[in-house]
There are 2 protein chains.
Amino acid sequence: LSADPVILVVGGGLIGAGWAATFAGGGRPTVVVDPDPSAAAMIETTWLKAVPVLAALEQLAENPTPPVVVRTVGKVRQPISFVQEALPENLKLKRSVLASIEPLLAVDTPIASSSSSLMAAEIQAGLKHPERLLVAHPCNPPYLMPTVELSGSALTSVEALSRAEMLFSALGKVVLRLERECRGHLVNRLQFALWREAIHLIATGVANVADVERAVSVGLAPRWTAIGPTTVFHLAGGDHGIGKFFNDLGRDVEACWADLGAPNLDEATCRRVTVGMSVAAQGRNVAALAAERDTRMIALARFLATQRKDGSVSVKGRGT
Amino acid sequence: LSADPVILVVGGGLIGAGWAATFAGGGRPTVVVDPDPSAAAMIETTWLKAVPVLAALEQLAENPTPPVVVRTVGKVRQPISFVQEALPENLKLKRSVLASIEPLLAVDTPIASSSSSLMAAEIQAGLKHPERLLVAHPCNPPYLMPTVELSGSALTSVEALSRAEMLFSALGKVVLRLERECRGHLVNRLQFALWREAIHLIATGVANVADVERAVSVGLAPRWTAIGPTTVFHLAGGDHGIGKFFNDLGRDVEACWADLGAPNLDEATCRRVTVGMSVAAQGRNVAALAAERDTRMIALARFLATQRKDGSVSVKGRGT
């Protein structure tokens, strides 16, 4: 091991292994700390899966070094430039592990939590330098999915957030920077909002699972890759944009919102969705569906990256 | 004019002109009836826009005949095989125009309404053969957007729905067939469900418009083109699929649903979204954004069509 600074990934589970591959594949020396002896195998398997994906996305550094795995953080000899925490969603565990790591860090080294459901304000309590703690939430798997959601509490420093943003941007990620933190961040909240209505339509017998899937995959998602949900209505307003849309159709939108469903996941609903999903899968098991998804997503991610390079992009990066 | 049967499009506005181009471009002789003298220009402009799009999608027939425009339905000399109604969203108007057209039709000729907000049960009242009436709702523009949502009331005949489904499938459309009709159909309800949360996140200052747009365009939409919203959680359940997901995480999903916003489009919210949209547009006016959208969507539609041909498709067509 050289004395170059490293990124420390805390936790070698699904998300930690995915982060480690992302950092290491992007040319950043990376160490994963996990006391579980099986972590090393997980890190290696994930690395082997991630390398061709990163290559396809043109995000693989030349001659990248695979992540190194250690059982305890005391084994890390290099200076640590950035910490990415990827422990289970257990607040006590996160707090105690991070408190034990903090003494090894320079006072301003950022600690980014991968948490999807906890807030920076909760996780940073107990740190000597709580201002260094932020949340950097990936979608899974981190080496394939482009977004990273950054947020902090009122205590989190602008400097920690900016250093995180620079790192993720340099790795090719699209950084979404929340103005204030919010449980579930942006991506999952938006996803669950749409899925609630999908479940309502299925549970009330309006359509089967396969047709609801197609309504999203064929009807909505292609347009949404080109323009986001608010731009859709901005363009629907003609030359005067969304202001005119609100004037002319705001009441109709509110009426539609009032008519949306609010289902519960009771036994009957879960059974109906489970059976419907099985029909929609047309005999393909989960592994086969996952393989199809991966093939299509990698091809699509390459295609969209090419479109971005051509400059014909609605969704520009921050500051461009 | 030959005596081959024609598709009659009733109303030559934005949607009617788009339908006419779709049918005519797909090789179906098409007549548009509209008393407004300006309709002919709209039909022609739309035809010229649609032809290269249909060609790019490989949905343009050889030597297609442009739609013919007439002022009154009495001018139509050919037999009518299918009626697509695209009048304004005014129930009285739709009923009275359709009642005046019905005597010219064979008893089983389907009448499909393009309505986005009215139901077949409402529109068919007053017809001599109400069973022929269904709703076939496109996304705009119909020649570019792939889905057509078909639904009928309890009175609507299976035959009328099947004839409509065969026609739209032959034109290359992806048909979503509702099991029972529902105000707003599938696509718009799902779109408005997600947008409600987007407005909530913007209105409460969690994120700016540009980052919410990116959360959808970059974070969610690419995966959703590969797999639909329920399949996402089916795969999150690992080998045991969505049944296991509901067992393990159903309560967390319900908690997230309970936390979603229910904003109103009051003045302050509309102003905030309008200003945020203007910042996100980065100086591009509506026409420039619309042109970007069209360029990207046509390229993406071609790419996705190629993927479907390759056979690596999660979202298979009905009956395949």
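A salt bridge here is a side-chain nitrogen of Lys or Arg within 4 Å of a carboxyl oxygen of Asp or Glu, and with that cut-off in hand the tour of this predicted model can begin.

**Helix α7 of chain A.** Select D211(A) and R214(A), whose closest N and O atoms are 2.8 Å apart, so that the pair counts as a salt bridge. The two residues are 3 apart in helix α7 (residues 209-226) of chain A and are therefore separated by about one helical turn. D211(A) is buried, at 0% relative accessibility, and R214(A) is buried as well, at 8%.

**Helix α9 of chain A.** Move next to E254(A) and R251(A), which form a salt bridge with 3.0 Å between the closest N and O atoms. These residues too lie 3 apart, in helix α9 (residues 241-259) of chain A, with about one helical turn between them. Here E254(A) is partly exposed, with a relative accessible area of 22%, while R251(A) is exposed, at 52%.

**A pair within chain B.** Now select D108(B) and R163(B), a salt bridge whose closest N and O atoms are 3.4 Å apart. D108(B) sits in the loop between α3 (91-101) and β5 (111-113) of chain B, and R163(B) in helix α5 (residues 158-170) of that chain, so the pair ties together parts that are 55 residues apart in sequence. Both count as partly exposed, D108(B) at 37% and R163(B) at 26%.

**A network, and the total.** Back in chain A, select E85(A), E89(A) and K94(A) together, since a network of salt bridges links them. Over all chains, the whole structure holds 30 salt bridges.

**Between the chains.** Display both chains and look at their contact, to which chain B and chain A each bring 106 residues. About 10,900 Å² is buried between them, with carbon and sulfur atoms giving 66% of that area. Highlight W195(B), W257(B) and R296(B), which supply 8% of the area that chain B buries against chain A, more than any other three residues. Of salt bridges, 4 cross this interface; one to select is R189(A) with D259(B), at 2.7 Å from N to O. Polar contacts between the two chains come to 32 residue pairs. On the side of chain B that touches chain A, α7(B) gives the most, with 17 residues, and that side comprises 57 nonpolar, 27 polar and 22 charged residues.

**Cysteines.** Finally, select C139(B), a buried residue at 6% relative accessibility. Why does C139(B) form no bond with the closest cysteine sulfur? That sulfur, in C256(A), is 13 Å away, which is too far. C256(B), buried at 18%, has its closest cysteine sulfur in C182(A), at 9.1 Å, also too far for a bond. The count of disulfides over all chains is 0.

Note on methods
Residues are numbered from 1 along each chain as its sequence is written. Chains are lettered from A and ligands numbered from 1 in the order in which they are written. This is a predicted model: local features need pLDDT of at least 70, side-chain atom pairs count only at pLDDT 80 or more; totals for chains, interfaces and linings use all residues. Side-chain values use heavy atoms; hydrogens and water are left out. A disulfide is a pair of cysteine sulfur atoms within 2.5 Å. Buried means under 20% relative accessible area, exposed over 50%, partly exposed in between (1.4 Å probe, protein chains only). Contact means heavy atoms within 4.5 Å. Buried area is the accessible area (1.4 Å probe) that two parts lose on being put together, summed over both. A polar contact is a pair of N or O atoms within 3.5 Å; within protein, one must be able to donate a hydrogen and the other to accept it, and residues adjacent in sequence count only if both atoms are side-chain atoms. Helices (H or I, at least four residues) and strands (E, at least two) are DSSP runs, numbered from the N terminus. Ala, Val, Leu, Ile, Met, Phe, Trp, Tyr, Cys and Pro count as nonpolar, Asp, Glu, Lys and Arg as charged, and the others, Gly among them, as polar.
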